[in-house]
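Me: Could you take a close look at one part of this structure for me? I'd like to follow the disulfide and the strands around it.

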Amino acid sequence: QVRLVESGGGLVQAGGSLRLSCAASGRTFSSYAMGWFRQAPGKEREFVGAISRSGGSTYYADSGKGRFTISRDNGKNTVYLQMNSLKPEDTAVYYCARLSSYGDYKTIGSWGQGTQVTVSS
């Protein structure tokens, strides 16, 4: 089982930026596609974006297109979510997840514990 630990959340003003990190345990990190999700208070968890095993391909939900960038460093067993031009509606707990495959963000192998992002207006 892969253990995932997110970090980098915090309080930021609207228009600001944050970079979230997700560190994975184990030696097989490069074998997995990874995804980022978020859950706002009173709402269901939603998909943010995904990255392929090599990091060469990414795709995003409409909410983050043009503002969010996912990257990974397989040598450090870490995946990142760079968030720019943040809006108050981006306020949520952000989770990373191991995906069953790059094109399937609905089948999750394991979740991290989440990190809170709060965007003030």
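Reply: Happy to; here is a walk from the disulfide out to the sheet beside it. Please keep in mind that this is a predicted model.

The structure holds one disulfide, and its partners are Cys-22 and Cys-96, with an S to S distance of 1.9 Å. Cys-22 belongs to strand S3 while Cys-96 sits in strand S9 (residues 92-101), so the bond ties together parts that are 74 residues apart in sequence. As for its geometry, the torsion about the S-S bond of Cys-22 and Cys-96 is about 50°, which means the disulfide is right-handed.

Are the two cysteines buried or exposed? Cys-22 has a relative accessible area of 0%, so it counts as buried, a term that applies under 20%. Cys-96 is buried too, with a relative accessible area of 0%.

Now for the strand that carries Cys-22. Strand S3 covers residues 18-24 and runs antiparallel to S1, with four bridges joining the two. One bridge partnership to look for is Leu-4 with Ala-24, the latter lying in S3.

Stepping back, S3 is part of an open sheet of four strands, with antiparallel pairing and the order S1-S3-S8-S7. At its edges are strand S1 (4-7) and strand S7 (68-73), each of which pairs on one side only. From one strand to the next, the twist averages 15°.

So, to trace this on your screen, start at Cys-22 in strand S3, then cross the disulfide to Cys-96 in strand S9. Then return to S3 and follow its antiparallel bridges across to S1.

Notes: Residues numbered from 1 in each chain as written. Predicted model: local features only at pLDDT ≥ 70, side-chain atom pairs only at ≥ 80, totals over all residues. Heavy atoms only, no water. Pairing = 2+ DSSP bridges. Axes fitted to C-alpha atoms, helices over the stretch in contact; angles between N-to-C directions. Disulfide = S-S within 2.5 Å. Buried < 20%, exposed > 50% of the residue type's maximum accessible area, 1.4 Å probe, protein only.
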